[in-house]
Amino acid sequence: MKLWNLYILLFLILSCANDNQEIYIPTPQPLNIPILFEENILAPVIPINNLQTTEGIALGKKLFFDPILSGDESQACADCHAPEQAFTDVRRFSEGIDGTLGKRNSMPLFNLAWNYDEKFFWDGSSFSLEHQAFIPVSDPTEMKNTWTVVEQKLQNHKEYPTLFTQAFGSSKIDSIAITKAIAQFERTLISSNSKFDQYLLNKIELTAQELNGFNIFMDEARGDCFHCHGSDKNPLWTDNIFHNNGLDETFIDLGLGNITGDPTDNGKFKTPSLRNLAFTAPYMHDGRFTTIEAVIDHYSGGLKNSETIDPLMKKVASGGIGLTPQDKADLKAFLLTLTDFEFINNSAFHNQ
């Protein structure tokens with residue numbers, strides 16, 4: 001409450017600079033934190049200079065779906081982060097406005113406020129959600145625009161100056177306010193109502209196959225998946241840490257190593273969440289696997305050794321964990337219980 005009082009006081013001071021200017025105080029809209037998140041993990045990361053508000057979220061949503069951000073006004077954020085695909089792209093590599101392909105698969109967007117070290121993208125090259133929203137606009141392989149052009153277009157728009165005034169107390173539009181609004185919207189993208197969530201809340205039962213799949217997932221002698229992807233005590237289903245999971249012996253893409261310059265980081269990429277795998281194919285940083293079965297096969301018998309292989313890949317010498325066909329089927333059945341249909345159908349996350 002002290003933070004909100006300070007926030008409101010700041011808006012009042014700014015608004016009083018001009019007695020004739022209408023005062024806009026945005027409406028606080030804290031995140032609706034799911035029960036399993038509240039009980040099992042730390043509070044979300046909300047910057048003190050970008051608190052969640054109704055007006056800020058609405059503005060961020062409008063910007064997320066507006067192609068005005070791109071150089072030729074043909075592409076919006078949502079074109080590579082589609083709501084019906086859990087905010088990712090069905091293509092292996094997303095296309096920029098001139099048809100140029102990126103080199104990595106588009107990451108899904110959900111539960112971003114619980115990324116505690118705030119390192120985003122597959123290689124951790126972005127240091128906050130606000131900064132993550134800043135990058136694609138000026139990237140020559142994506143929206144291929146400049147922030148100066150974007151700011152001018154929005155400033156001359158018939159609606160945006162008023163919307164920015166309502167959200168941030170000023171009609172002056174700049175990249176900082178734009179990315180703050182988009183980040184506010186992205187923090188609302190919370191996925192928390194899968195079949196497994198309902199099971200943990202004692203609302204439904206799982207099948208014997210699904211339960212056996214979970215046991216395989218948690219068994220160090222079989223699946224051994226939980227070290228990187230969490231457990232029933234981690235509703236994020238990721239550790240948000242960077243690992244070399246045995247995809248290659250040599251690296252075309254250095255991943256985290258390209259950012260840190262440390263050779264021991266070569267070939268390491270952020271652990272993706274296992275939520276919503278039914279919607280987020282293809283898989284891995286380069287989208288090399290098109291099915292869940294192919295991913296399971298990789299860990300079962302396709303691991304490749306390298307200098308930076310993660311110690312958690314304990315059975316790399318034998319190629320993997322060696323699951324039986326039934327184990328593989330059961331593990332997939334469990335993974336699909338992490339599918340959140342409510343999330344992809346939530347009208348608050350779709351362009352209307």
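This passage walks through the pockets, the cavities and two of the helices of a predicted model.

The largest pocket is a good place to start. It holds about 950 Å³ of space, and 44 residues line it. H81, N105, S106, M107 and F121 are the ones that lie nearest its centre. Two elements give two or more residues to this lining, namely α4 (129-138) and α7 (175-187). Of the elements, α4 gives the most, with 4 residues. As for chemistry, the lining of the largest pocket splits into 19 nonpolar, 16 polar and 9 charged residues.

Next comes the second largest pocket, with about 770 Å³ of space. Its lining is made up of 42 residues, and H229, N245, M284, V295 and Y299 sit closest to its centre. Here α10 (226-229), β2 (269-270), α12 (292-301) and α13 (325-336) each put in at least two residues. Helix α12 gives the most to this lining, again with a count of 4 residues. Sorted by class, the second largest pocket is lined by 24 nonpolar, 12 polar and 6 charged residues.

Besides the pockets, the model has 2 cavities of 30 Å³ or more. The largest cavity holds about 50 Å³ of space. Around it are N244, N245, L247, D248, F251, D253, G267, F269 and H285. That makes a lining of 3 nonpolar, 4 polar and 2 charged residues. One name turns up twice: N245 lines the largest cavity, and N245 is also among the residues closest to the centre of the second largest pocket.

The second largest cavity holds about 30 Å³. The residues around this one are L36, F196, D197, L200, S231, D232, N234, P235, W237 and R275. Helix α8, which covers residues 195-200, gives the most to the lining, with 3 residues. Taken by class, the second largest cavity is lined by 5 nonpolar, 2 polar and 3 charged residues.

Now for the helices, beginning with α7, which also helps to line the largest pocket. This helix has 13 residues and reaches 18 Å from its first C-alpha to its last, close to the 18 Å expected at 1.5 Å a residue. How much of α7 is covered? Most of it is, with 12 of its 13 residues buried. The buried set runs through S175, A177, I178, T179, K180, A181, I182, A183, Q184, F185, E186 and R187. Charged residues are found in that set too, including K180, E186 and R187. As for neighbours, the buried residues of α7 pack against α3 (54-64), α4, α5 (147-155) and α6 (160-168).

Helix α5 is one of those neighbours. Which of its residues are buried? They are W147, V150, E151 and L154. Seen down the axis of α5, these residues fall within an arc of 100 degrees, so they line one face of the helix. The spacing fits a general rule: an α-helix has 3.6 residues a turn, so residues three or four places apart point the same way. The buried residues of α5 pack against α3, α4, α6 and α7. Helix α4 thus comes up in several places: it is packed against by the buried residues of α5 and by those of α7, and it gives the most to the lining of the largest pocket.

Note on methods. Residues are numbered from 1 along each chain as its sequence is written. This is a predicted model: local features need pLDDT of at least 70, side-chain atom pairs count only at pLDDT 80 or more; totals for chains, interfaces and linings use all residues. Side-chain values use heavy atoms; hydrogens and water are left out. On a 1 Å grid over the protein atoms alone, a cavity is a set of points where a 1.4 Å probe fits but cannot get out, and a pocket is an open set with protein on both sides within 12 Å along at least five of seven lines; lining residues have an atom within 4 Å of a point. Grid points are joined across faces, edges and corners, and a volume is the space filled by probe spheres set on the points. The expected span of a helix is 1.5 Å times one less than its number of residues. Buried means under 20% relative accessible area, exposed over 50%, partly exposed in between (1.4 Å probe, protein chains only). Contact means heavy atoms within 4.5 Å. The arc is that of the directions from the helix axis to the C-beta atoms.
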